[in-house]
Amino acid sequence: MADARPRRPARPREEVFATARAAIAQHGLAKLTMAGLGKQLRMSAGHLLYYFGSKDQLLLETLRWSEEQLGARRRAMLAEGGRGVRQRLAEYTALYLPEGPGDPRWILWVEVWGRSPASEELRRGQLEIEAPWQADLVALIEEGAAAARFAPGDATERAVQIRALLDGLAVPLALGLPGADRPRALHLAATACTALLGSGPAAGADG
C-alpha cells in the first residue's frame with residue numbers, strides 16, 4: 001500500500017543555501033550537522049545528504065551560490081559606462097573585501113581554505129569559483145593600460161598580486177582580529193593598487 005502521508009515540498013534552492021551560509025558563518029562547518037540544518041529547513045538529514053553527499057559538498061555549493069550572487073553585482077558594476085577604470089577598480093575592491101567581522105561570505109571562504117588541503121574536490125571548486133574574479137580584474141587592468149590610465153605591464157601577474165593582497169586584508173577583517181577594519185583595508189588596497197598599476201600619461205583625476 002502506498003504511503004498516504006503528505007510529502008513536504010522541497011525547499012527552494014536559495015532557502016537551502018541561505019540557511020546553510022548563515023549556519024556555517026555562525027557555528028563553523030565542524031559544528032554543523034545535517035540533522036540540525038535539516039531541522040531548520042524542515043527537511044530530513046537524509047534528504048540533504050541525497051542532494052549534497054557530504055558537508056564538504058554542501059560547503060562548496062553554498063559558496064558557489066554566494067559567489068554567483070555577488071558575481072552578478074560585480075559584472076553589472078564593471079559594465080556600467082561613464083566611469084573611469086580607477087573608479088571601477090575601487091568598486092571592485094570594495095565588493096571583494098568583507099563588509100566586516102563575521103561576513104558570512106568570507107567565513108565560507110575561510111572554511112573552504114581550511115579544508116581544501118585534504119580535498120581535491122574543494123581545491124578544484126575553489127579555483128572555479130575564483131576564476132571569474134581573476135578574469136574580470138585582468139580585463140579591467142588591460143582596459144586601463146590600453147587607455148593609458150595604468151602603466152603597461154603583465155595584467156595577469158598584476159591581477160594575481162592585487163587579489164593576493166585583498167585576500168590578506170580580508171581574512172583578518174572577516175575574523176575580527178584587532179587592528180583590522182574595513183576603512184583601513186580599503187585605504188591599504190587603494191594605495192597598493194596605485195603602486196602596482198602606476199599611471200599612464202593619460203591618467204587623470206577621473207581615470
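# Briefing: a nine-helix predicted model

In this predicted model, a polar contact of 2.5 Å links the side chain of Arg105 to that of Glu67. Arg105 belongs to helix 6, and Glu67 is one of the helix 4 residues that meet helix 6. A polar contact between side chains also joins Asp56 and Arg115, at 2.6 Å. The points below start with the whole chain, then take up the helix pairs and individual residues.

**Overall make-up**

- The protein has nine helices and zero strands, so its elements, read from the N terminus, run α-α-α-α-α-α-α-α-α.
- Along the principal axes, the C-alpha atoms fill a box of roughly 80 × 35 × 30 Å.
- The protein has 207 residues, and 42% of them count as buried.
- Taking contacts between residues at least 6 apart in sequence, 71% join residues at least 24 apart.

**Helix 4 and helix 6**

- Two packed helices are described by the angle between their axes and the distance between the axes.
- Helix 4 covers residues 55-79, and helix 6 covers residues 104-115.
- Their axes come within 10 Å and cross at roughly 140°, which makes helix 4 oblique to helix 6.
- The crossing of helix 4 past helix 6 is left-handed.
- On the helix 4 side, the residues that meet helix 6 are Asp56, Leu59, Thr62, Leu63, Ser66, Glu67 and Leu70.
- On the helix 6 side, the residues are Arg105, Leu108, Trp109, Glu111, Val112 and Arg115.
- By class, this contact of helix 4 with helix 6 has six nonpolar, two polar and five charged residues.

**Arg105 in helix 6**

- Is Arg105 buried or exposed? Arg105 has a relative accessible area of 7%, and because the cut-off for buried is under 20%, Arg105 is buried.
- Leaving aside neighbours within four places in sequence, Arg105 is in contact with Arg21, Leu63, Ser66, Glu67, Leu70, Leu95, Tyr96 and Trp133.
- Among these contacts of Arg105, Leu63, Ser66, Glu67 and Leu70 are helix 4 residues that meet helix 6.
- Tyr96, also in contact with Arg105, is one of the helix 5 residues that touch helix 8.

**Asp56 in helix 4**

- Asp56 is found in helix 4 and has a relative accessibility of 18%, so Asp56 counts as buried.
- Which residues does Asp56 contact, leaving aside its neighbours within four places in sequence? They are Leu29, Arg115, Ser119 and Leu122.
- Of these, Arg115 is the polar partner of Asp56, side chain to side chain, at 2.6 Å.
- Asp56 and Glu121 are 65 residues apart along the chain, and their C-alpha atoms are separated by 8.6 Å.

**Helix 5 and helix 8**

- Helix 5 covers residues 85-96, and helix 8 covers residues 155-175.
- The axes of helix 5 and helix 8 come within 10 Å and cross at roughly 40°, which means that helix 5 is oblique to helix 8.
- Helix 5 passes helix 8 in a right-handed crossing.
- Helix 5 contributes Tyr92, Thr93 and Tyr96 to the contact, and helix 8 contributes Arg163, Leu166 and Asp167.
- By class, the contact of helix 5 with helix 8 has three nonpolar, one polar and two charged residues.

**Tyr51 in helix 3**

- Tyr51 lies in helix 3, which covers residues 45-52.
- With a relative accessibility of 53%, Tyr51 counts as exposed, because exposed means over 50%.
- Tyr51 and Pro101 are 50 residues apart along the chain, and their C-alpha atoms are separated by 31 Å.

**Loop residues with positive phi**

- Arg42 has a phi near 60°, a positive value in a residue other than glycine.
- Arg42 sits in the loop between helix 2 (34-41) and helix 3.
- At a relative accessible area of 52%, Arg42 is exposed.
- Where is Ala148 placed? Ala148 is in the loop between helix 7 (120-146) and helix 8.
- Phi of Ala148 is near 65°, again a positive value in a residue other than glycine.

Notes
Residues numbered from 1 in each chain as written. Predicted model: local features only at pLDDT ≥ 70, side-chain atom pairs only at ≥ 80, totals over all residues. Heavy atoms only, no water. Helix = DSSP H or I, 4+ residues; strand = E, 2+ residues; numbered from the N terminus. Buried < 20%, exposed > 50% of the residue type's maximum accessible area, 1.4 Å probe, protein only. Polar contact = N/O pair within 3.5 Å; in protein donor to acceptor, adjacent residues only side chain to side chain. Contact = heavy atoms within 4.5 Å. Axes fitted to C-alpha atoms, helices over the stretch in contact; angles between N-to-C directions. Parallel < 35°, antiparallel > 145°, perpendicular 65-115°, else oblique. Left-handed = near helix turned anticlockwise from the far one by under 90°. Nonpolar A, V, L, I, M, F, W, Y, C, P; charged D, E, K, R; others polar.
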